[in-house]
Amino acid sequence: MKVIAVSFCPVMALCVCSMAFCADESQEAPARRPLILLTNDDGIESAGIKALMKELPRVADVIVVAPATNKSGVSQSLTYRGDIKVFKREVPEELKDLERKPLALYAVEGTPATCVLLGAGNFSQGRSFDLVVSGINPGSNIGSDGNLSGTVGAARMGADIGLAGLAVSSASGSKHVAQIAASLASFIKQAFSVGVEKGVLLNVNYPGGEPKDWKGAVVTSIGAGNYKINFRKVESDADEPPPADKSLLLFRAAFARAGGEPAAGTARAGIAAGKICVTPIASLSLPSKVSTKSLSLTRQRLAGLAFFK
(Lines give C-alpha, C1' and ligand atoms only; values in the text may rest on other atoms or scores of the structure.)
Protein backbone atom coordinates (compact mmCIF):
# COMPACT_ATOMS: atom_id res chain seq x y z
CA MET A 1 0.00 0.00 0.00
CA LYS A 2 1.30 3.48 -0.86
CA VAL A 3 1.23 5.81 2.17
CA ILE A 4 1.57 9.60 2.03
CA ALA A 5 3.34 11.04 5.07
CA VAL A 6 1.29 13.44 7.16
CA SER A 7 4.31 15.19 8.71
CA PHE A 8 5.58 16.96 5.61
CA CYS A 9 8.44 19.26 4.71
CA PRO A 10 7.18 22.84 4.10
CA VAL A 11 9.69 23.36 1.29
CA MET A 12 8.61 20.18 -0.45
CA ALA A 13 4.96 21.13 -0.04
CA LEU A 14 5.66 24.53 -1.58
CA CYS A 15 7.41 22.90 -4.53
CA VAL A 16 4.51 20.52 -5.09
CA CYS A 17 2.00 23.37 -4.99
CA SER A 18 4.11 25.41 -7.40
CA MET A 19 4.30 22.50 -9.81
CA ALA A 20 0.52 22.04 -9.64
CA PHE A 21 -0.26 25.68 -10.34
CA CYS A 22 2.39 26.09 -13.02
CA ALA A 23 1.45 22.94 -14.93
CA ASP A 24 0.53 23.52 -18.52
CA GLU A 25 -3.28 23.64 -18.68
CA SER A 26 -3.17 21.84 -22.00
CA GLN A 27 -1.91 18.74 -20.15
CA GLU A 28 -4.96 18.57 -17.89
CA ALA A 29 -7.42 15.77 -18.54
CA PRO A 30 -10.44 17.05 -20.47
CA ALA A 31 -13.65 17.40 -18.49
CA ARG A 32 -15.81 14.31 -18.71
CA ARG A 33 -18.89 14.80 -20.86
CA PRO A 34 -22.18 13.48 -19.48
CA LEU A 35 -23.47 10.28 -21.09
CA ILE A 36 -27.09 9.98 -22.26
CA LEU A 37 -28.96 6.82 -23.18
CA LEU A 38 -31.47 7.90 -25.84
CA THR A 39 -34.58 5.86 -26.58
CA ASN A 40 -38.28 6.25 -27.47
CA ASP A 41 -41.42 4.21 -28.11
CA ASP A 42 -42.08 5.20 -31.74
CA GLY A 43 -39.05 3.39 -33.14
CA ILE A 44 -35.51 4.32 -34.09
CA GLU A 45 -36.62 5.74 -37.46
CA SER A 46 -39.08 8.28 -36.01
CA ALA A 47 -38.66 12.01 -36.62
CA GLY A 48 -38.64 12.81 -32.92
CA ILE A 49 -35.68 10.65 -31.94
CA LYS A 50 -33.73 11.73 -35.03
CA ALA A 51 -34.16 15.36 -33.97
CA LEU A 52 -32.73 14.47 -30.56
CA MET A 53 -29.86 12.55 -32.20
CA LYS A 54 -28.90 15.85 -33.82
CA GLU A 55 -29.22 18.17 -30.81
CA LEU A 56 -28.28 16.16 -27.71
CA PRO A 57 -24.66 15.42 -28.80
CA ARG A 58 -24.05 19.16 -28.52
CA VAL A 59 -24.37 18.86 -24.72
CA ALA A 60 -23.46 15.22 -23.95
CA ASP A 61 -22.20 11.95 -25.38
CA VAL A 62 -25.18 9.96 -26.68
CA ILE A 63 -25.77 6.26 -27.21
CA VAL A 64 -29.04 5.36 -28.91
CA VAL A 65 -30.82 2.15 -27.88
CA ALA A 66 -34.35 2.26 -29.27
CA PRO A 67 -37.06 -0.10 -30.51
CA ALA A 68 -36.65 -1.30 -34.09
CA THR A 69 -40.39 -0.70 -34.67
CA ASN A 70 -43.20 1.29 -33.11
CA LYS A 71 -43.93 0.22 -29.51
CA SER A 72 -46.35 2.94 -28.47
CA GLY A 73 -48.58 2.40 -25.46
CA VAL A 74 -46.62 -0.47 -23.92
CA SER A 75 -45.91 1.44 -20.69
CA GLN A 76 -42.99 -0.09 -18.73
CA SER A 77 -43.50 -3.65 -19.96
CA LEU A 78 -40.53 -5.87 -20.76
CA THR A 79 -39.58 -8.23 -23.57
CA TYR A 80 -37.97 -11.21 -21.90
CA ARG A 81 -39.13 -14.47 -23.50
CA GLY A 82 -36.60 -16.00 -25.85
CA ASP A 83 -33.64 -14.28 -27.47
CA ILE A 84 -33.86 -10.55 -28.11
CA LYS A 85 -32.49 -9.37 -31.45
CA VAL A 86 -30.38 -6.22 -31.43
CA PHE A 87 -29.13 -4.62 -34.65
CA LYS A 88 -26.22 -2.17 -34.85
CA ARG A 89 -27.20 0.81 -36.97
CA GLU A 90 -25.30 3.54 -38.74
CA VAL A 91 -25.85 7.19 -37.96
CA PRO A 92 -28.65 8.54 -40.20
CA GLU A 93 -27.33 9.96 -43.46
CA GLU A 94 -28.54 13.48 -42.64
CA LEU A 95 -26.42 13.51 -39.45
CA LYS A 96 -23.15 12.07 -40.77
CA ASP A 97 -21.52 15.42 -41.47
CA LEU A 98 -22.16 16.81 -37.98
CA GLU A 99 -19.14 17.44 -35.76
CA ARG A 100 -20.91 15.79 -32.82
CA LYS A 101 -23.12 12.76 -33.36
CA PRO A 102 -24.23 9.69 -31.38
CA LEU A 103 -21.42 7.34 -30.37
CA ALA A 104 -23.44 4.25 -31.32
CA LEU A 105 -26.93 3.21 -32.39
CA TYR A 106 -28.76 -0.03 -31.60
CA ALA A 107 -32.21 -1.09 -32.82
CA VAL A 108 -33.88 -3.55 -30.45
CA GLU A 109 -36.73 -5.96 -31.09
CA GLY A 110 -38.21 -5.13 -27.71
CA THR A 111 -40.08 -2.56 -25.66
CA PRO A 112 -38.67 0.85 -24.67
CA ALA A 113 -38.09 -0.27 -21.06
CA THR A 114 -36.25 -3.31 -22.40
CA CYS A 115 -34.03 -0.96 -24.43
CA VAL A 116 -33.10 0.91 -21.25
CA LEU A 117 -32.14 -2.26 -19.38
CA LEU A 118 -30.19 -3.59 -22.37
CA GLY A 119 -28.43 -0.28 -22.91
CA ALA A 120 -27.51 0.31 -19.28
CA GLY A 121 -26.20 -3.21 -18.86
CA ASN A 122 -24.47 -3.79 -22.19
CA PHE A 123 -23.90 -0.69 -24.34
CA SER A 124 -22.45 1.99 -22.04
CA GLN A 125 -18.91 1.52 -23.45
CA GLY A 126 -17.44 1.01 -20.00
CA ARG A 127 -19.00 4.15 -18.55
CA SER A 128 -22.09 4.90 -16.50
CA PHE A 129 -25.08 6.68 -17.99
CA ASP A 130 -25.99 9.99 -16.38
CA LEU A 131 -29.43 10.32 -17.91
CA VAL A 132 -32.02 8.33 -19.86
CA VAL A 133 -33.88 10.49 -22.39
CA SER A 134 -36.99 9.12 -24.08
CA GLY A 135 -38.84 10.85 -26.94
CA ILE A 136 -39.87 13.00 -28.68
CA ASN A 137 -43.35 11.50 -28.45
CA PRO A 138 -45.91 12.86 -30.96
CA GLY A 139 -48.67 13.61 -28.46
CA SER A 140 -48.67 14.79 -24.86
CA ASN A 141 -48.14 12.45 -21.91
CA ILE A 142 -49.40 14.35 -18.89
CA GLY A 143 -50.72 13.16 -15.56
CA SER A 144 -52.18 9.68 -15.53
CA ASP A 145 -51.79 9.39 -19.32
CA GLY A 146 -48.11 8.76 -18.66
CA ASN A 147 -48.95 5.44 -17.01
CA LEU A 148 -49.78 3.99 -20.43
CA SER A 149 -46.93 5.58 -22.34
CA GLY A 150 -43.91 3.65 -23.57
CA THR A 151 -42.09 6.98 -23.75
CA VAL A 152 -42.63 7.68 -20.06
CA GLY A 153 -42.18 3.99 -19.21
CA ALA A 154 -38.64 4.00 -20.61
CA ALA A 155 -37.63 7.10 -18.66
CA ARG A 156 -39.24 5.68 -15.52
CA MET A 157 -37.22 2.49 -15.98
CA GLY A 158 -34.10 4.64 -16.00
CA ALA A 159 -35.12 6.18 -12.68
CA ASP A 160 -36.03 2.77 -11.26
CA ILE A 161 -32.53 1.39 -11.89
CA GLY A 162 -30.87 4.34 -10.18
CA LEU A 163 -30.32 6.75 -13.07
CA ALA A 164 -32.03 10.04 -13.82
CA GLY A 165 -34.83 9.83 -16.38
CA LEU A 166 -36.43 12.32 -18.75
CA ALA A 167 -39.43 11.79 -21.03
CA VAL A 168 -40.31 14.41 -23.63
CA SER A 169 -43.61 14.66 -25.48
CA SER A 170 -45.32 17.25 -27.66
CA ALA A 171 -48.95 18.27 -27.97
CA SER A 172 -48.09 19.35 -31.55
CA GLY A 173 -47.68 15.76 -32.70
CA SER A 174 -44.75 15.41 -35.09
CA LYS A 175 -44.55 19.14 -35.85
CA HIS A 176 -41.72 21.36 -34.60
CA VAL A 177 -39.50 18.47 -33.48
CA ALA A 178 -36.36 20.41 -34.47
CA GLN A 179 -37.29 23.36 -32.24
CA ILE A 180 -38.33 21.07 -29.39
CA ALA A 181 -35.07 19.11 -29.59
CA ALA A 182 -33.01 22.31 -29.52
CA SER A 183 -35.01 23.65 -26.59
CA LEU A 184 -34.69 20.38 -24.68
CA ALA A 185 -30.92 20.23 -25.27
CA SER A 186 -30.64 23.71 -23.73
CA PHE A 187 -32.68 22.58 -20.73
CA ILE A 188 -30.61 19.42 -20.24
CA LYS A 189 -27.36 21.42 -20.42
CA GLN A 190 -28.63 23.69 -17.66
CA ALA A 191 -29.86 20.71 -15.62
CA PHE A 192 -26.45 19.02 -15.86
CA SER A 193 -24.81 22.22 -14.60
CA VAL A 194 -26.67 21.97 -11.28
CA GLY A 195 -26.90 18.19 -11.11
CA VAL A 196 -29.64 15.74 -11.99
CA GLU A 197 -31.08 13.66 -9.19
CA LYS A 198 -30.90 9.89 -9.54
CA GLY A 199 -34.17 8.04 -9.06
CA VAL A 200 -36.21 10.98 -10.38
CA LEU A 201 -38.06 11.17 -13.69
CA LEU A 202 -38.67 14.53 -15.35
CA ASN A 203 -41.79 14.31 -17.49
CA VAL A 204 -41.45 17.15 -20.02
CA ASN A 205 -44.39 18.18 -22.19
CA TYR A 206 -44.36 20.84 -24.90
CA PRO A 207 -47.59 22.68 -25.75
CA GLY A 208 -49.33 22.76 -29.10
CA GLY A 209 -49.13 25.68 -31.46
CA GLU A 210 -46.17 27.47 -32.98
CA PRO A 211 -42.93 27.69 -30.96
CA LYS A 212 -43.14 31.50 -31.09
CA ASP A 213 -46.39 31.25 -29.14
CA TRP A 214 -45.00 29.17 -26.26
CA LYS A 215 -45.46 31.03 -22.97
CA GLY A 216 -42.28 29.96 -21.23
CA ALA A 217 -41.73 26.96 -18.96
CA VAL A 218 -43.03 25.93 -15.55
CA VAL A 219 -42.42 23.16 -13.00
CA THR A 220 -45.71 21.38 -12.44
CA SER A 221 -47.22 18.74 -10.19
CA ILE A 222 -48.86 15.43 -11.11
CA GLY A 223 -52.55 15.60 -11.97
CA ALA A 224 -55.27 14.15 -14.15
CA GLY A 225 -54.50 13.23 -17.74
CA ASN A 226 -55.95 14.56 -20.98
CA TYR A 227 -57.75 11.45 -22.13
CA LYS A 228 -60.47 9.02 -21.19
CA ILE A 229 -60.37 5.58 -22.79
CA ASN A 230 -63.40 3.37 -23.25
CA PHE A 231 -63.93 0.17 -25.20
CA ARG A 232 -67.07 -0.08 -27.29
CA LYS A 233 -68.48 -3.19 -28.84
CA VAL A 234 -68.08 -3.42 -32.62
CA GLU A 235 -71.35 -4.45 -34.23
CA SER A 236 -71.35 -6.62 -37.35
CA ASP A 237 -71.52 -4.75 -40.63
CA ALA A 238 -74.79 -5.36 -42.45
CA ASP A 239 -72.86 -6.00 -45.67
CA GLU A 240 -70.63 -8.63 -44.05
CA PRO A 241 -71.63 -12.02 -42.74
CA PRO A 242 -71.46 -12.42 -38.95
CA PRO A 243 -68.37 -14.21 -37.62
CA ALA A 244 -68.55 -17.97 -37.78
CA ASP A 245 -67.52 -18.21 -34.14
CA LYS A 246 -70.64 -17.17 -32.23
CA SER A 247 -68.60 -16.80 -29.04
CA LEU A 248 -66.44 -14.06 -30.58
CA LEU A 249 -67.02 -10.49 -29.41
CA LEU A 250 -65.18 -7.53 -30.97
CA PHE A 251 -64.34 -4.31 -29.12
CA ARG A 252 -62.51 -1.16 -30.18
CA ALA A 253 -60.75 1.49 -28.07
CA ALA A 254 -62.39 4.90 -28.10
CA PHE A 255 -60.44 7.95 -26.94
CA ALA A 256 -62.10 11.10 -25.63
CA ARG A 257 -60.90 14.30 -24.01
CA ALA A 258 -61.18 14.46 -20.23
CA GLY A 259 -63.78 16.95 -19.10
CA GLY A 260 -63.67 19.59 -16.40
CA GLU A 261 -61.22 22.34 -15.60
CA PRO A 262 -57.62 21.28 -15.04
CA ALA A 263 -56.36 21.69 -11.48
CA ALA A 264 -54.05 24.66 -10.93
CA GLY A 265 -50.37 23.85 -10.92
CA THR A 266 -50.71 20.64 -12.93
CA ALA A 267 -49.23 19.88 -16.34
CA ARG A 268 -52.70 19.81 -17.85
CA ALA A 269 -53.25 23.41 -16.73
CA GLY A 270 -49.80 24.45 -17.92
CA ILE A 271 -50.25 22.93 -21.37
CA ALA A 272 -53.64 24.66 -21.69
CA ALA A 273 -51.86 27.95 -20.94
CA GLY A 274 -49.28 27.31 -23.68
CA LYS A 275 -46.37 26.54 -21.34
CA ILE A 276 -43.64 23.92 -21.45
CA CYS A 277 -44.29 21.72 -18.43
CA VAL A 278 -41.67 19.82 -16.42
CA THR A 279 -43.10 17.41 -13.85
CA PRO A 280 -40.67 15.73 -11.43
CA ILE A 281 -41.79 12.21 -10.46
CA ALA A 282 -39.92 10.02 -7.97
CA SER A 283 -39.25 6.37 -8.70
CA LEU A 284 -41.33 3.91 -6.70
CA SER A 285 -38.05 2.17 -5.87
CA LEU A 286 -37.05 5.06 -3.59
CA PRO A 287 -37.97 4.91 0.13
CA SER A 288 -40.59 7.54 1.01
CA LYS A 289 -38.20 9.80 2.93
CA VAL A 290 -35.60 9.66 0.17
CA SER A 291 -38.32 10.24 -2.43
CA THR A 292 -39.55 13.38 -0.66
CA LYS A 293 -36.01 14.72 -0.29
CA SER A 294 -35.10 13.95 -3.92
CA LEU A 295 -38.20 15.70 -5.27
CA SER A 296 -37.62 18.73 -3.05
CA LEU A 297 -34.00 18.99 -4.15
CA THR A 298 -34.98 18.58 -7.81
CA ARG A 299 -37.56 21.37 -7.58
CA GLN A 300 -35.03 23.66 -5.89
CA ARG A 301 -32.46 23.04 -8.61
CA LEU A 302 -34.96 23.51 -11.43
CA ALA A 303 -36.25 26.77 -9.95
CA GLY A 304 -32.84 28.38 -10.40
CA LEU A 305 -32.46 27.55 -14.09
CA ALA A 306 -32.69 30.23 -16.75
CA PHE A 307 -34.99 27.87 -18.70
CA PHE A 308 -37.82 28.78 -16.31
CA LYS A 309 -37.17 32.54 -16.19
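**Exercise 1. Determine in which sense strand 7 and strand 11 pair, and over how many bridges.**

Strand 7 (residues 200-206) and strand 11 (residues 276-282) pair in the antiparallel sense, over six bridges, where two strands count as paired if DSSP finds at least two bridges between them, and where strands (E, at least two residues) and helices (H or I, at least four) are DSSP runs numbered from the N terminus. Within this pairing, V200 has A282 of strand 11 as its bridge partner. The model is a predicted one, in which local features need pLDDT of at least 70 and side-chain atom pairs count only at pLDDT 80 or more, while totals for chains, interfaces and linings use all residues. Residues are numbered from 1 along each chain as its sequence is written, and side-chain values use heavy atoms, with hydrogens and water left out.

**Exercise 2. Find how strand 6 runs relative to strand 7, and which residue of strand 7 stands opposite L166.**

Strand 6 and strand 7 run parallel and are joined by six bridges. In strand 7, the residue opposite L166 is L202.

**Exercise 3. Establish how many residues of strand 7 are buried, and which residues lie on each side.**

Seven of the seven residues of strand 7 are buried, that is, under 20% relative accessible area with a 1.4 Å probe and protein chains only. One side carries V200, L202, V204 and Y206, and the other L201, N203 and N205, so that both faces are covered.

**Exercise 4. Place these strands in the whole sheet and identify its edges.**

The nine strands form an open sheet of mixed pairing, in the order 3-4-2-1-5-6-7-11-8. Strand 3 (86-89) and strand 8 (217-219) each have a single partner strand, so one side of each is left without a neighbour in the sheet. From one strand to the next, the twist averages 20°.

**Exercise 5. Describe the packing of helix 2 against helix 5, including its angle and the residues in contact.**

Helix 2 and helix 5 (residues 177-194) pack at about 45° with their axes 9 Å apart, the axes being lines fitted to C-alpha atoms over the stretch in contact, with angles from 0 to 180 degrees between N-to-C directions. The two helices are therefore oblique to each other, a class left after angles under 35 degrees (roughly parallel), over 145 (roughly antiparallel) and 65 to 115 (roughly perpendicular). Contact, meaning heavy atoms within 4.5 Å, is made by A47, G48, A51, L52 and E55 of helix 2 and by V177, A178, A181, A182, L184 and A185 of helix 5.

Note on methods. Buried means under 20% relative accessible area, exposed over 50%, partly exposed in between (1.4 Å probe, protein chains only).
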